[in-house]
Amino acid sequence: MNELVESIRERYLITLGKIAAAAIKAGRNPDSVKLVVVTKSQPVDVVRAAVEAGVNILGENYPEEGVMKIQSLREFSAVEWHMIGHVQSRKAPLVAGNFNFLHSLDSLKLAKKLDRFCGEAERKLPVLLEFNVGGEESKGGWPAWDEARWQELSAELGEIFTLPNLKVRGLMAMPPLGDTAEFSRPYFQKVRHFQEFLLAQFPQADLSELSMGTSLDYEVAVEEGATFVRVGTAIVGARKK
Ligand SMILES: *Cc1c(COP(=O)(O)O)cnc(C)c1O
């Protein structure tokens, strides 16, 4: 193993250990949390090293960059590629045709396009619905910061559940950036409450996955019910500008 692979492997294993400890602390099964290693803006060499270090789920933010990496690393067929960044609807074919999972579905328009392209490619795409729980304008996702307005989201979300080629699996959120991990906790709790609300509205839906938590706050996210955490810098280092 070269040095880069070794250092990524060490940080990957430390992160897995902290996830397991946080799960146990919260009375959860550590196997119920999946670690997505976020490699956006990292060169292919770093992504390759991550795979050689044992990483099996990679997260990318930009469709073209992600597809380029998927094509460069085709030999690693067991690796899952997750799109976690905002997808413009004109990029829907790239995502529908190449990624294994979409965490950041944030509009009905995008959902319909993805459904159509998945149908043409004869694929089913598992997706998470992204919600904005902090109210920041810069963040994507359906507006869910105000509980009094949750009901208004139901009609549009209900339509997404009927699309035949998308498999809705749960919720995703990216809270406002704070100075400490604890700052994120109430946002993660809000995501879980919203999950309960939606399950009451759509008892047939599968909303079991919660994608939340980054390098800064993934242990708190696990304590609050995350089933996917998305960790970049803590494992693969700082992103190149
Ligand atoms: C970049 C990014 C992450 C990872 O952030 P780190 O601070 O590097 O762990 C997670 N989720 C999303 C949506 C991101 O864009």
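Where does the ligand sit? In this predicted model, the ligand occupies the largest pocket, and the points below describe its surroundings before turning to two individual residues, glutamine 195 and glycine 141.

**Ligand site**

- The residues that surround the ligand are Val38, Lys40, Asn61, Ile84, Met174, Thr214, Ser215, Arg230, Val231, Gly232, Thr233 and Arg239.
- Among the polar approaches to the ligand, an N or O atom in the side chain of serine 215 lies 2.5 Å from one of the ligand's oxygen atoms, while the side chain of lysine 40 places an N or O atom 2.7 Å from a ligand oxygen atom.
- For asparagine 61, a polar side-chain atom is found 2.7 Å from an oxygen atom of the ligand.
- Of the 390 Å² that the ligand exposes when taken alone, 87% is buried by the protein.

**Glutamine 195**

- Glutamine 195 belongs to helix α7, which covers residues 185-201, and this residue counts as buried because its relative accessibility is 11%, under the 20% cut-off.
- Not counting residues up to four places away in sequence, glutamine 195 touches Leu171, Leu207, Ser208 and Leu210.

**Glycine 141**

- Glycine 141 is located in the loop that joins β5 (125-132) to β6 (142-143), and with a relative accessible area of 21% this glycine is partly exposed.
- When neighbours within four places in sequence are left aside, glycine 141 is in contact with Asp106, Glu130, Phe131 and Asn132.
- Glutamate 120 is 21 residues from glycine 141 along the chain, and the C-alpha atoms of these two residues are separated by 26 Å.

Methods: Residues are numbered from 1 along each chain as its sequence is written. This is a predicted model: local features need pLDDT of at least 70, side-chain atom pairs count only at pLDDT 80 or more; totals for chains, interfaces and linings use all residues. Side-chain values use heavy atoms; hydrogens and water are left out. Helices (H or I, at least four residues) and strands (E, at least two) are DSSP runs, numbered from the N terminus. Buried means under 20% relative accessible area, exposed over 50%, partly exposed in between (1.4 Å probe, protein chains only). Contact means heavy atoms within 4.5 Å. A residue is near a molecule or strand if one of its heavy atoms lies within 4 Å of it. A polar contact is a pair of N or O atoms within 3.5 Å; within protein, one must be able to donate a hydrogen and the other to accept it, and residues adjacent in sequence count only if both atoms are side-chain atoms. Accessible areas come from the Shrake-Rupley method with a 1.4 Å probe; for residues, only the protein chains shown count as cover. On a 1 Å grid over the protein atoms alone, a cavity is a set of points where a 1.4 Å probe fits but cannot get out, and a pocket is an open set with protein on both sides within 12 Å along at least five of seven lines; lining residues have an atom within 4 Å of a point. A molecule sits in a cavity or pocket if more than half of its atoms lie within 2 Å of its grid points.
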